[in-house]
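Hi everyone, thanks for coming along. I'd like to walk you through one model today, starting with its open spaces and ending with a few single residues. Here it is on the screen.

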Amino acid sequence: MERAAAAYEAARDEAEQHNVAGERATSQAQRAFVLAFTDPDAADDELHLAEQLLTGLDLRATTLTTKIAALVRDAGAISSLEPVRLLRAEISNAGLTAAEAALELALCFHRAVRNDYDKLRAAISRLRDLTRGGDYAYYVDIARFMADRSLSGASAARWLDGEQPTRSRWRTLVTARREYLRTAR
């Protein structure tokens, strides 16, 4: 996650140097999405910057990415899923499959943090349906990693560091968020 956040920061800075506003906003939104998993406090600042960079631009997918990142930032503490339902409808109407998959991944993270495994299974099932064509199929693996579940029917993803270290990193994000929420109260 740290490497991804740094890469998005570098892409944002490069877009800034070349005065490419849309690319700058998109890179920033992706950076906020990544940091929302690892550091909710830092993600808050990154989301504010993404929203500022989106001012005056018409980038639907990037705007949706910031909304999904906000849900990831709040994972485990979301009291009502009405914003998720509204966002799901907005994404579906826009026809953005990548955003649909990212939203379901965010919901899986929320469910894993809350230890709500019955609802997590349903979210993983929706995620599996969304990625049946192969695009983003590894999101299902990630959701199972977060829940510390087996990988029956795993994607064809080959993890750079191997499956076990990847599984451990995603599971650690869930347990770290639980601790963050416990101490924030």
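Let's begin with the largest pocket, which has a volume of about 1100 Å³. A word on terms: the search runs on a 1 Å grid over the protein atoms alone, and a pocket is an open set of points with protein on both sides within 12 Å along at least five of seven lines. A cavity, which we'll come to, is a set of points where a 1.4 Å probe fits but cannot get out, and lining residues have an atom within 4 Å of a point. Grid points are joined across faces, edges and corners, and a volume is the space filled by probe spheres set on the points.

Before going further, please keep in mind that this is a predicted model, where local features need pLDDT of at least 70 and side-chain atom pairs count only at pLDDT 80 or more, while totals for chains, interfaces and linings use all residues. Residues are numbered from 1 along each chain as its sequence is written, and side-chain values use heavy atoms, with hydrogens and water left out.

Back to the pocket. It is lined by 37 residues, and the closest to its centre are M1, A4, V34, I142 and W170. Which helices supply at least two residues each to this lining? They are α1 (2–17), α2, α4, α6, α8 and α9, with α9 giving the most, eight residues. Helices here are DSSP runs of H or I with at least four residues, strands are runs of E with at least two, and both are numbered from the N terminus. By class, the pocket lining has 26 nonpolar, five polar and six charged residues. For the classes, Ala, Val, Leu, Ile, Met, Phe, Trp, Tyr, Cys and Pro count as nonpolar, Asp, Glu, Lys and Arg as charged, and the others, Gly among them, as polar.

Now the cavities. The search of the whole structure finds two of 30 Å³ or more. The largest holds about 40 Å³ of space, and its lining consists of L71, V72, I78, V84, L103, A106, L107 and H110. Both α4 (60–73) and α6 (97–113) supply at least two of those residues, and α6 gives the most, with four. That lining is seven nonpolar, one polar and no charged residues. The second largest cavity, at about 30 Å³, is lined by Y117, L120, R121, I124 and R149. Here the split is three nonpolar, no polar and two charged.

Stepping back to the whole fold, the chain has nine helices and zero strands. Its radius of gyration, taken over C-alpha atoms, is 16 Å, close to the 16 Å from the globule rule for 185 residues, so the chain is as compact as a globular protein of that length. That rule is 2.2 Å times the number of residues to the power 0.38. The C-alpha trace spans about 45 × 40 × 35 Å along its principal axes, and 43% of the residues count as buried. Buried means under 20% relative accessible area, exposed over 50%, and partly exposed in between, with a 1.4 Å probe and protein chains only.

What about the core? The largest nonpolar core, meaning buried Ala, Val, Leu, Ile, Met, Phe, Trp, Tyr and Cys residues joined through side-chain atoms within 4.5 Å, has 48 residues. Those with the most contacts inside it are F37, I68, C108, F109, L127 and M146, and α6 gives the most to this core, with 11 residues. Beyond four places in sequence, I68 is in contact (heavy atoms within 4.5 Å) with F33, L87, I91, A99, A102, L103 and A106.

One helix I'd single out is α8: nine of its 10 residues are buried, so α8 is largely enclosed by the rest of the structure. Those buried residues pack against α6, α7 and α9. Just after α8, D148 takes a positive phi of about 60°.

Finally, two single residues. Is T131, in the loop between α7 and α8, buried or exposed? At 4% relative accessibility, T131 counts as buried, and T131 touches A101, Y136, A137 and V140, leaving out residues up to four places away. A42, found in helix α3, counts as partly exposed at 25%.

Thanks, and I'm happy to take questions.
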